[in-house]
Amino acid sequence: MGSSSSPHALSATATAAITGAPPAWLDDIDGDDALGWATDWSERTTTEFANPELQDRLRTALDTDDRIPFPRRRGDWLYNFWRDANHPRGLWRRCPADTYLDGSPQWQVLIDVDQLAELDQENWVWKGAHVRYPAYDRALVRLSRGGSDATIIREFDIDTASFIPESAGGFTVPEAKSDVSWLDRDTLLVGTNLGPDSLTASGYPRQIRRWERGAALADADILFTGEATDVAVGAWHDATEGFERTFIERALDFYRSQRFLVTDDGLHHIDLPEDCEFSIHRHWLVIIPRTDYLGIAPGTVALIDFAEFLSGDRNFTTIFSPTATTSFQSLAWTKDFLILTLLNNVATQLVTLHVDTWEPEPLPLVGALAAPATTSVIGTNPTTDNEVWLVGSSYTQPATLLRGSIDGDPITTIRKSPELFDVTGLSTRQHTAISQDGTAIPYFITGAFDNEDTPDRTPTPKPTLVSAYGGFEVSLVPGYSATCGIGWLSQGGNYVVANLRGGGEFGPDWHTSVTGANRTKIYEDHQAVLEDLVTRGYATSDQLGIRGGSNGGLLTAVALTSYPEAFGAAVSQVPLIDMLRYHELSAGASWMAEYGDPEDPQLRAVLESYSPLHNVNKHSVRPYPPTLVTTSTRDDRVHPAHARTFAWALAAAHQPVDYFENTEGGHGGAADNAQIAQVEALIYTWLWRQIGGRGE
């Protein structure tokens, strides 16, 4: 095992109080004590596990010019955001579509974020742009300080490639977690921070205002106000010609919302179940209920004419029915077709339905990737034609860009990303583990297996890294990762992705069955996968490493405090840790539908039973394997106090723990390719030191 920091290595300030509860000053994001403590420990961690060679390899891969510049079509132009070695903060640019398709894109740089950051003396991180449709003449550009979710929004003139200053009537929204939408060229729909009454307890907009150009934002008319207990309130305008309309959504919690259509007579409530997902396109209303609705089963995709629905008709047409293995994931419209992305045993299926018949047909792809792979729709022209852009990849096949028309040119490969690590001998298998209650939990394992033609024979045990998430209906599907390939697979390790309950791989019930009081089943699923890997001979328990971020960071922390004997090392990134007060930190109140309300006595007992901060044992009582905890000072979604207090508590218990806090990066943990390379090199070097058998 590699050495890990101990409480004796902490700063003098930390050592004085380490035998007590984590100090309150760890909550102070930018406090001198907290930053000094974090900086001191982070510097020692980076020194001990520095790997400049790996970091350089990762940075070169991330910055390679051979990557696909993934496009977003807006009219005759294709837009792209691009980072490379010379532009670490990135370029927002566009090119005529025909030049891209010819293989010689003529890029016009709209915003050089590096130049802008230098000019403004700010550590700007690009967070996207809302381009006005259908004129494509103006954009609302989001810029974040250091990668936080809170952004400053500035109006940008695309034709002149310049920001419009406030003094010239340009829209500017101060730093906040804002919601914006174009109503017309001179009017916005805005939800932002205009004082305590304008925000929910989760820190998101509670009000929607109609903001006219030239007026003060604080004086803009309020269209809607939600409750402080809501997650957020948002609004958007559909500018589709002939179907112009405005919607308001009041998110009651993470999965329940009330929706309204703005009419001349006021707000018209769209009478759907609060937990029902929906999409409106032209005259069609598509629904995907999470619970039974009018006999429509959860996870079913059904549609109806929107005007008829508003008039009281409920005669829906079912266009997809889920099965035990097949689930709906997403939809996209073209002019004459609806495209459904489905998963069948965590394998992608793309289905098209013509708007006249709604008969499903597989989407034919020329030169599709070998299974298991994931193919996703990344672009269509929903009002003009049936063009479709797709991207596909697998654990061993880099991204492939495909383009064509559903009823015209065949959908074929137009770009391929380079192979950034050697895949010779690598393959992927899918297995299932049986959880404690008998539920089958699938997982993928990628590695160089000694007996490829006989997958049932016992393989040679190797260092094996297990990644999992298990929450918020997030589906983990096959995909190419240059950082994992270079940092882990190339060293000879196996890589596992586990599809735990809580995700969206098998429809709504796969998620809802393990929320709130049933949360611990997710951890039983995780433990079952770890045990199955050992039983099948892929690794010994001390060769298993586990890694997860955010809710996945909570997962690894629970594993550490609940079944530490099942693995040999844990990486917990930007994690939730204090489950008794998560709802009081940053955006935590918005997740109570997932975890449960700590103020409810019954749910509090469940939360306390697995809350990592409240279940740390002393090393003398129950030894834990080495742990690496990471976070970002600029994470305003999951408060850095979670990671800080966990590292503190582990050190106080004399458990082996290392800690790294990036000063930038937000919830992603890194703000640019250089930081990604640094963090990933640190993690893979740390992991290989613990379970790879490389040196003491």
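Which residues in α3 meet which residues in α14? Keep that question in mind as you read the notes below; point 2 returns to it.

1. **How far to trust the model.** What you have here is a predicted model, so begin with its confidence scores. The protein averages a pLDDT of 94, and 96% of the residues score at least 70. Residues 1–19 are another matter: their pLDDT stays under 50, and the model has 48 contacts beyond four places in sequence for them. Where pLDDT is low, the predicted coordinates should not be read in detail.

2. **Helices α3 and α14.** Now to the opening question. From α3, the residues in the contact are Leu54, Gln55, Leu58, Arg59, Leu62 and Asp63. Their counterparts in α14 are Asn673, Ala674, Ile676, Ala677, Gln678, Glu680, Ala681, Tyr684 and Thr685. Sorted by class, this contact of α3 with α14 has 8 nonpolar, 4 polar and 3 charged residues. As for geometry, α3 covers residues 52–63 and α14 covers residues 673–691; their axes come within 8 Å and cross at roughly 135°. That angle makes α3 oblique to α14. The crossing of the two helices, α3 and α14, is right-handed.

3. **The sheet of 8 strands.** Try tracing this one on screen in the order β30-β31-β33-β32-β34-β35-β36-β37: it is an open sheet of 8 strands with mixed pairing. The edges are held by β30 (426–434) and β37 (657–662); each has a single partner strand, so one side of each is left without a neighbour in the sheet. On average, neighbouring strands of this sheet are turned by 20° against each other, direction ignored.

4. **A parallel pair, and a helix on the sheet.** Look next at strand β32 (residues 464–467) and strand β33 (residues 494–498), which run parallel and are joined by 4 bridges. To find one of these on screen, start at Thr464, whose bridge partner in β33 is Asn494. Helix α14 packs on the sheet, where it touches β32, β34 (544–549), β35 (569–573), β36 and β37. The direction of α14 makes about 160° with that of β35. So you meet α14 twice in this note: here on the sheet, and in point 2 with α3.

5. **Helix α13 and its helix partner.** Helix α13 (residues 641–652) lies across β36 (627–632) and β37, and runs at about 160° to β37. Helix α2 (residues 32–48) also meets α13: the axes come within 12 Å and cross at roughly 65°. Here α2 passes α13 in a left-handed crossing. Ala34, Leu35, Trp37 and Trp41 in α2 meet Arg644, Ala647, Trp648 and Ala651 in α13. The contact of α2 with α13 divides into 7 nonpolar residues, no polar ones and 1 charged.

6. **Helices α9 and α10.** Two packed helices are described by the angle between their axes and the distance between the axes. For helix α9 (residues 520–535) and helix α10 (residues 551–562), the angle is about 75° and the axes are 10 Å apart. The two helices α9 and α10 are therefore roughly perpendicular to each other. On the α9 side you will find Ile522, Tyr523 and His526, which meet Leu554, Leu555, Val558 and Ala559 in α10. This contact of α9 with α10 has 6 nonpolar residues, 1 polar residue and no charged ones.

7. **The sheet of 4 strands.** This open sheet has the order β22-β23-β24-β25, and its pairing is antiparallel. Its edge strands are β22 (326–333) and β25 (360–362), each with a single partner strand, so one side of each is left without a neighbour in the sheet. Neighbouring strands are turned by 35° against each other on average, direction ignored. Within the sheet, strand β23 (residues 337–344) and strand β24 (residues 347–354) pair in the antiparallel sense over 8 bridges. As an example, Ile339 has Thr352 in β24 as its bridge partner.

8. **Backbone details in the loops.** Finally, three spots to visit. The peptide bond from Tyr133 to Pro134 is cis, with omega near 5°, and Pro134 sits in the loop between β5 (124–131) and β6 (138–145). The bond from Ala371 to Pro372 is cis, with omega near -5°; Pro372 is in the loop between β25 and β26 (373–380). Gln121 has a phi near 55°, a positive value in a residue other than glycine. Look for Gln121 in the loop between α5 (113–120) and β5.

Technical notes:
Residues are numbered from 1 along each chain as its sequence is written. This is a predicted model: local features need pLDDT of at least 70, side-chain atom pairs count only at pLDDT 80 or more; totals for chains, interfaces and linings use all residues. Side-chain values use heavy atoms; hydrogens and water are left out. Axes are lines fitted to C-alpha atoms, for helices over the stretch in contact, and angles run from 0 to 180 degrees between N-to-C directions. Angles under 35 degrees count as roughly parallel, over 145 as roughly antiparallel, 65 to 115 as roughly perpendicular and the rest as oblique. A crossing is left-handed if the near helix is turned anticlockwise from the far one by less than a right angle, and right-handed if clockwise. Contact means heavy atoms within 4.5 Å. Ala, Val, Leu, Ile, Met, Phe, Trp, Tyr, Cys and Pro count as nonpolar, Asp, Glu, Lys and Arg as charged, and the others, Gly among them, as polar. Two strands pair if DSSP finds at least two bridges between them. pLDDT is the predictor's confidence in each residue, from 0 to 100.
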